[in-house]
Amino acid sequence: MNNNRLTLLLQFFEEDPSDPFNIYALAMEYQNSDAHQAEVYFRMLLEKHPDYLPTYYHAAALFAEMEFFEEAEKLYLQGMQVALNQQNTKTYQELQRAYRAFQDEYL
């Protein structure tokens, strides 16, 4: 994790905590170094910005890695529905492929 980047992202979040991208960027920054902190930010996104589509792919993958299998499955399915609602075929297909891989590996 890059401490300078993290400091900057935290500053952006403090300046505008309602911007979903600021929360998403923090979740992604923490994803490889502090899964629990990434989880906090992903849960914040899911609660406050359920239509922020980029969340679902990465949050579901993280939750699967953390062995929260039921939540991961739920997120893949919700993400596919959000993608359909937003008519985002590419993201729908990406989530569908990731969900199938998740099923093969974890279920």
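Reader: In this predicted model, where is the place of glutamate 67?

Author: The model is a prediction. Glutamate 67 belongs to neither of the helices that flank it, H4 and H5 (69-85). Its place is in the loop between H4 and helix H5.

Reader: Is glutamate 67 buried or exposed?

Author: A residue counts as exposed when its relative accessible area is over 50%. Glutamate 67 has a relative accessible area of 58%, and therefore it is exposed.

Reader: What is the phi of glutamate 67, and what is that of glutamine 87?

Author: Neither residue is a glycine, yet each has a positive phi. For glutamate 67 the angle is about 65°. For glutamine 87, which lies in the loop between H5 and helix H6 (89-106), phi is about 55°.

Reader: Is glutamine 87 buried or exposed?

Author: The threshold for exposed is over 50% relative accessible area. Glutamine 87 has 71% relative accessibility, so it counts as exposed.

Reader: Which residue is 34 residues apart in sequence from asparagine 85 and 9.3 Å apart in space?

Author: Asparagine 85 has its place in helix H5 and, at 58% relative accessibility, counts as exposed. The distance of 9.3 Å runs from C-alpha to C-alpha, and the partner is aspartate 51.

Reader: Why does histidine 49 count as buried?

Author: Histidine 49 is placed in the loop between helix H3 (35-48) and helix H4 (54-65). Buried means under 20% relative accessible area. Histidine 49 is buried because its relative accessible area is 17%.

Reader: Which backbone oxygen does the side chain of histidine 49 reach?

Author: Leaving aside residues up to four places away in sequence, histidine 49 touches Ser18, Pro20, Ile23 and Met44. At 3.4 Å, its side chain reaches the backbone oxygen of serine 18.

Reader: How are H2 and H3 oriented, roughly parallel or roughly antiparallel?

Author: The axes of helix H2 (residues 20-31) and H3 come within 7 Å and cross at roughly 160°. Angles over 145 degrees count as roughly antiparallel. Therefore H2 is, with respect to H3, roughly antiparallel.

Reader: What is the handedness of the crossing of H2 and H3?

Author: The two helices cross at roughly 160°. Their crossing is left-handed.

Reader: How many residues of the contact of H2 with H3 are nonpolar, polar and charged?

Author: On the H2 side, the residues in contact include Ile23, Leu26 and Met28. Among those they meet in H3 are Tyr41, Phe42 and Leu45. The residues of this contact divide into 13 nonpolar, two polar and no charged.

Terms used. Residues are numbered from 1 along each chain as its sequence is written. This is a predicted model: local features need pLDDT of at least 70, side-chain atom pairs count only at pLDDT 80 or more; totals for chains, interfaces and linings use all residues. Side-chain values use heavy atoms; hydrogens and water are left out. Helices (H or I, at least four residues) and strands (E, at least two) are DSSP runs, numbered from the N terminus. Buried means under 20% relative accessible area, exposed over 50%, partly exposed in between (1.4 Å probe, protein chains only). A polar contact is a pair of N or O atoms within 3.5 Å; within protein, one must be able to donate a hydrogen and the other to accept it, and residues adjacent in sequence count only if both atoms are side-chain atoms. Contact means heavy atoms within 4.5 Å. Axes are lines fitted to C-alpha atoms, for helices over the stretch in contact, and angles run from 0 to 180 degrees between N-to-C directions. Angles under 35 degrees count as roughly parallel, over 145 as roughly antiparallel, 65 to 115 as roughly perpendicular and the rest as oblique. A crossing is left-handed if the near helix is turned anticlockwise from the far one by less than a right angle, and right-handed if clockwise. Ala, Val, Leu, Ile, Met, Phe, Trp, Tyr, Cys and Pro count as nonpolar, Asp, Glu, Lys and Arg as charged, and the others, Gly among them, as polar.
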